[in-house]
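Here are some notes on the model, set out as numbered points. They go through the sheets, the helix packing and a few single residues.

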Amino acid sequence: MHGTRRVLVAADKFKGSLTAVQVAERVTAGLRRVVPDVEVEALPVADGGDGTVDAAVAAGFERREVRVAGPLGDEVTAAFALRGDTAVVEMAEASGLQRLPAGVFAPLTASTYGSGELLRAALDAGARTIVFGVGGSATTDGGAGMLAALGARFLDADGQSIPPGGGGLAELARADLSGLDPRLAAVELVLASDVDNPLTGPKGAPAVYGPQKGASPDDVETLDAALAHFAKVLEGGSAVGGRAAEYAASPGAGAAGGIGFGAMLLGARFRAGIEVMLDVLGFAPALGRASLVITGEGSLDEQTLHGKAPAGVAAAARAAGKEVVAVCGRLALDPEVLDRAGIRRAYALTEVEPDVAKCIADAGAILERVAEGIGRDWLS
């Protein structure tokens, strides 16, 4: 039926059950059961959120570990990825929800200080280009903690450092960015995110993402006012001046609790996370070698279409004239919508095992069976 013999598996993680690397392994195993001689190239992908460092390491980057402050100030071991003078830094490694104790949220006090320490570690390792993947954050501090770790000072009316977290920004009287690490000026910093929200307002970081981080409606109001105050102070009395308001309103400023805004203050350029990562991971040459592309993630839904990994992979593959199918845990998009996104067909675990709890618990084995179906439909 199809003469396809070389498959590229470029899928994201199935959140909560399989890493992107495991997805590729299971899909490969399933395909080979049906077509033993099929050539499969695995290129696990990520869109800047959690799993981004793992995807870079799977693509040949070196994993580097460093002790940094977690969102609540306690030390954690966080990783970044390095190849030559390019580093991939994932803010969730230091400041992600995954770093909070189970059931604990700290919407007003969680800090991005550790993310700044991770960036500093990448500078220490000789990075000249830093891809800064942001997503999955526990924080809503506008990147103030990150900036403080890199040498900025945020002081209250008495000249004391303000408390950590978004809540502390309400006490900010003076921002001094003159002590920022001078190496930042010579580095290309790319802000990689699938979120294009501004810093504040109805579509801002606190309103849209605060509740996921445990913020009550009152907390959301507090945080929104504190971030607006942060931008205002920067506008009035720092080297950034009028650009602060421009950055605050920019798409991506609200990414990961406003760390996008902090990154823009460092001169970062905002790009869709999946596009940056496909570049960094060497997707174009791998795509050139493939005749069928398999992408996917845990849930293929409306969000997928807004800059998530499978949409980015499918768009690039379609532009290159390659056929794309997708694997997922659950499917919430109809065939016409998938087709418009460049995905010929999606295969969901729930088609094989309707019980969602079983799908999550036994995702690997079920995914292998799904991949056998793809082998029969597209390769045999």
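1. A residue counts as buried here when its relative accessible area is under 20%. Thr304 has a relative accessibility of 2% and is therefore buried. The model is a predicted one, and the values below should be read as coming from it.

2. Thr304 sits in the loop between β11 and α12. Setting aside neighbours within four places in sequence, its contacts are Glu297, Ser299, Pro310 and Ala311. Glu297 is also the bridge partner of Cys328 in β12.

3. The loop between β11 (292–300) and α12 (309–319) also holds Lys308. Not counting residues up to four places away in sequence, Lys308 touches Asp47, Asp194, Ile274, Glu297 and Gln303. Glu297 thus appears in the contact list of Lys308 and in that of Thr304. The C-alpha atom of Lys308 is 9.4 Å from that of Gly48, although 260 residues separate the two along the chain.

4. How are the strands ordered in the open sheet of 5 strands? The order is β2-β1-β11-β12-β13, and the pairing is parallel. β2 (39–42) and β13 (345–348) are the edge strands, each paired on one side only. On average, neighbouring strands of this sheet are turned by 25° against each other, with direction ignored.

5. Within that sheet, β11 pairs with strand β12 (residues 323–331) in the parallel sense, over 8 bridges. Helix α12 packs on the sheet and touches β11 and β12; its direction makes about 160° with that of β11. Helix α16 lies across β1 (6–9), β11, β12 and β13, and runs at about 150° to β13.

6. In general, two packed helices are described by the angle between their axes and the distance between the axes. For helix α1 (residues 20–34) and helix α16 (residues 363–379), the axes come within 7 Å and cross at roughly 50°. Angles of 35 to 65 degrees fall outside the roughly parallel and roughly perpendicular ranges, and α1 and α16 are therefore oblique to each other. Their crossing is right-handed.

7. Which residues make up the contact of α1 with α16? On the α1 side they are Val23, Arg26, Val27, Ala29, Gly30, Leu31, Arg33 and Val34. On the α16 side they are Gly364, Ala365, Leu367, Glu368, Ala371, Glu372, Ile374, Gly375, Arg376 and Leu379. By class, the contact has 10 nonpolar, 3 polar and 5 charged residues.

8. Strand β9 (residues 188–193) has 5 of its 6 residues buried, so it is largely enclosed by the rest of the structure. Strand β6 (residues 129–133) runs parallel to β9 and is joined to it by 5 bridges. Strand β10 (residues 269–272) is also parallel to β9, with 4 bridges between them. Val190 stands opposite Val131 of β6 and opposite Arg269 in β10.

9. Strand β3 (residues 62–69) and strand β4 (residues 75–83) run antiparallel and are joined by 8 bridges. Glu62 stands opposite Leu82 in β4. The two strands form a hairpin with 5 residues between them, and Gly73 in the turn has a positive phi of about 100°.

10. Is Ala121, in helix α4 (residues 113–124), buried or exposed? Its relative accessibility is 14%, so Ala121 counts as buried. Beyond residues up to four places away in sequence, Ala121 touches Val66 and Phe80. Val66 lies in the range of β3 and Phe80 in that of β4. The C-alpha atoms of Ala121 and Ala87 are 9.9 Å apart, with these positions 34 residues apart along the chain.

11. Most residues other than glycine have a negative phi. Ala256 is not a glycine, yet has a positive phi of about 50°. This residue is found in helix α9 (residues 255–265). With a relative accessible area of 10%, Ala256 is buried. A colleague checking backbone geometry may wish to look at this position.

Technical notes. Residues are numbered from 1 along each chain as its sequence is written. This is a predicted model: local features need pLDDT of at least 70, side-chain atom pairs count only at pLDDT 80 or more; totals for chains, interfaces and linings use all residues. Side-chain values use heavy atoms; hydrogens and water are left out. Axes are lines fitted to C-alpha atoms, for helices over the stretch in contact, and angles run from 0 to 180 degrees between N-to-C directions. Angles under 35 degrees count as roughly parallel, over 145 as roughly antiparallel, 65 to 115 as roughly perpendicular and the rest as oblique. A crossing is left-handed if the near helix is turned anticlockwise from the far one by less than a right angle, and right-handed if clockwise. Contact means heavy atoms within 4.5 Å. Ala, Val, Leu, Ile, Met, Phe, Trp, Tyr, Cys and Pro count as nonpolar, Asp, Glu, Lys and Arg as charged, and the others, Gly among them, as polar. Two strands pair if DSSP finds at least two bridges between them. Buried means under 20% relative accessible area, exposed over 50%, partly exposed in between (1.4 Å probe, protein chains only).
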